[in-house]
Every structure is written in C-alpha cells, then in structure tokens.
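Trainee: I should like to go through this model and ask, for each label, what justifies it. May we begin with the metal site?

Mentor: Certainly; please bring up the model.

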Amino acid sequence: MNRPIPGTVQIAVRHILSDHTTGVMTRTRRITWQDTPYRVRRPASGKHTVELTCSACDAAVRAEVRDEAATRRTTGILRTLAALSVLVLVMAFGYAVHEGGKTLPEGQSLPVLFPISIIAIALAIFAAPMFFVTSLRYTGVSKLDAPKLHGIMPVRN
Ligand SMILES: [Zn+2]
C-alpha cells in the first residue's frame with residue numbers, strides 16, 4: 001500500500017491535540033495528535049510550495065518540497081556528519097584514555113588537549129545520533145507556515 005512512487009514523497013500534516021506532562025518524580029509526557037497523510041509531488045529540480053489542509057481543523061499548511069537530488073544530497077551530508085562525529089568520538093576517547101591513564105611527574109598538569117578531548121567526546125556523543133536520526137527523518141519537505149500546533153511529519157515508505 002505504501003509503495004514509494006518515484007517523484008513523490010509521503011508526509012503527514014500533524015495537528016497536536018493535547019500535550020500534557022504529568023508526574024513529579026517520573027515525568028510522563030502524553031501527546032495526542034491527528035495526522036493527515038499526503039503524498040506530494042517533488043519538483044523536477046529546485047523546490048516548490050504545496051498547499052495542504054489539516055483534516056482536524058481545516059487549517060491551511062504550506063510546505064516546501066525539494067527535488068530528489070537535493071534531498072539525497074542533504075541526507076548524504078547528514079550521514080557524513082554522523083560518521084565524522086563517530087570518528088571524533090573514537091579518536092578523542094582514545095586520546096583521553098591514553099593521556100588520562102598516564103602517571104604524571106610531580107607538578108606537571110595534563111596537556112591542554114585533554115579537556116578539549118573531553119569536550120569533543122561530550123559533543124560527539126550528542127551529535128552522532130542526532131545527525132543520524134535527522135538523516136533518516138529528512139524528507140526534503142519543510143514547513144513554511146502553519147498555525148500553531150501544526151507540523152509536517154515524515155512518513156516511512
Ligand atoms: Zn489542525
């Protein structure tokens with residue numbers, strides 16, 4: 001049913017119905033929404049604007065659709081950034097373990113690169129999965145303007 005059709009992309013207009021956070025010790029976020037699925041056509045090249053309607057409230061939502069090549073390029077860049085983050089993580093971690101494991105002579109402090117490697121590890125741990133998840137979710141469709149509580153969600157083919 002959800003076979004990918006060349007030149008089109010599946011997305012959904014999401015209407016957030018409610019967003020509650022309950023609990024004190026363990027916070028639970030409960031979001032309910034209503035999605036309106038759409039299959040929009042990609043332009044042959046460049047980008048174009050599509051007008052969509054939210055089925056929950058009839059609001060008009062405008063989205064920008066990029067062509068296949070540009071979408072693939074962006075996905076490729078995001079994956080490369082994810083791979084680079086993993087590389088930085090591995091290198092900084094190796095360095096930190098190497099330097100941190102040394103017994104320093106009296107009065108000598110750790111090299112300045114040591115705290116930098118710790119910061120790099122912290123950033124890369126956050127960045128690698130973020131770039132990867134973003135690359136999976138990127139459809140080349142972005143929200144231009146829509147009333148509050150509306151969004152454009154990717155739909156898996
Ligand atoms: Zn709506």
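Trainee: Which atoms coordinate the zinc ion?

Mentor: In this predicted model, the zinc ion is held by ND1 of His15, SG of Cys54, SG of Cys57 and NE2 of His150, at 1.8 to 2.3 Å. Donors must lie within 2.8 Å of the metal, so these four atoms qualify at their distances of 1.8 to 2.3 Å.

Trainee: Why is the site of the zinc ion called tetrahedral?

Mentor: The angles among the four donor atoms run from 97 to 117 degrees. Four donors count as tetrahedral if all angles lie between 85 and 135 degrees; the site therefore earns the term. For reference, the ideal angle for four tetrahedral donors is 109.5 degrees.

Trainee: What spacing do the donors follow along the chain?

Mentor: The pattern is H-x38-C-x2-C-x92-H. Distant parts of the chain are linked by cysteine 57 and histidine 150, which are 93 residues apart: cysteine 57 is in the loop between β3 (47-53) and β4 (60-66), and histidine 150 is in strand β6 (residues 150-154).

Trainee: Why is histidine 150 called buried?

Mentor: Its relative accessible area is 7%. Buried means under 20%, so histidine 150 meets the criterion.

Trainee: What makes cysteine 57 partly exposed?

Mentor: Cysteine 57 has 36% relative accessibility. Since that value falls between the 20% limit for buried and the 50% limit for exposed, cysteine 57 is classed as partly exposed.

Trainee: What is notable about phi of aspartate 58?

Mentor: Aspartate 58, in the loop between β3 and β4, has a phi near 65 degrees, a positive value in a residue other than glycine. Most residues other than glycine have a negative phi. With a relative accessible area of 64%, aspartate 58 passes the 50% cut-off and is therefore exposed.

Trainee: Where is leucine 149 found, and what is its phi?

Mentor: Leucine 149 is in the loop between β5 (141-145) and β6, and its phi is near 70 degrees, again positive in a residue other than glycine. Leucine 149 counts as exposed because its 53% relative accessibility is over 50%.

Trainee: Which residues have the most contacts inside the largest nonpolar core?

Mentor: They are Val40, Leu52, Val141 and Ile152, in a core of 13 residues. The elements β1 (8-22), β3 and β4 each give two or more residues to this core. Among the residues that valine 141 touches are Val9, Ile11, Val40 and Ile152.

Technical notes:
Residues numbered from 1 in each chain as written. Predicted model: local features only at pLDDT ≥ 70, side-chain atom pairs only at ≥ 80, totals over all residues. Heavy atoms only, no water. Donors = N, O, S within 2.8 Å, 3.2 Å for Na, K, Ca; no water. Tetrahedral: all angles 85-135°; square planar, octahedral: opposite > 155°, others 65-115°. Helix = DSSP H or I, 4+ residues; strand = E, 2+ residues; numbered from the N terminus. Buried < 20%, exposed > 50% of the residue type's maximum accessible area, 1.4 Å probe, protein only. Core = buried A, V, L, I, M, F, W, Y, C linked by side-chain atoms within 4.5 Å. Contact = heavy atoms within 4.5 Å. Lists of a residue's contacts leave out its neighbours within four places in sequence.
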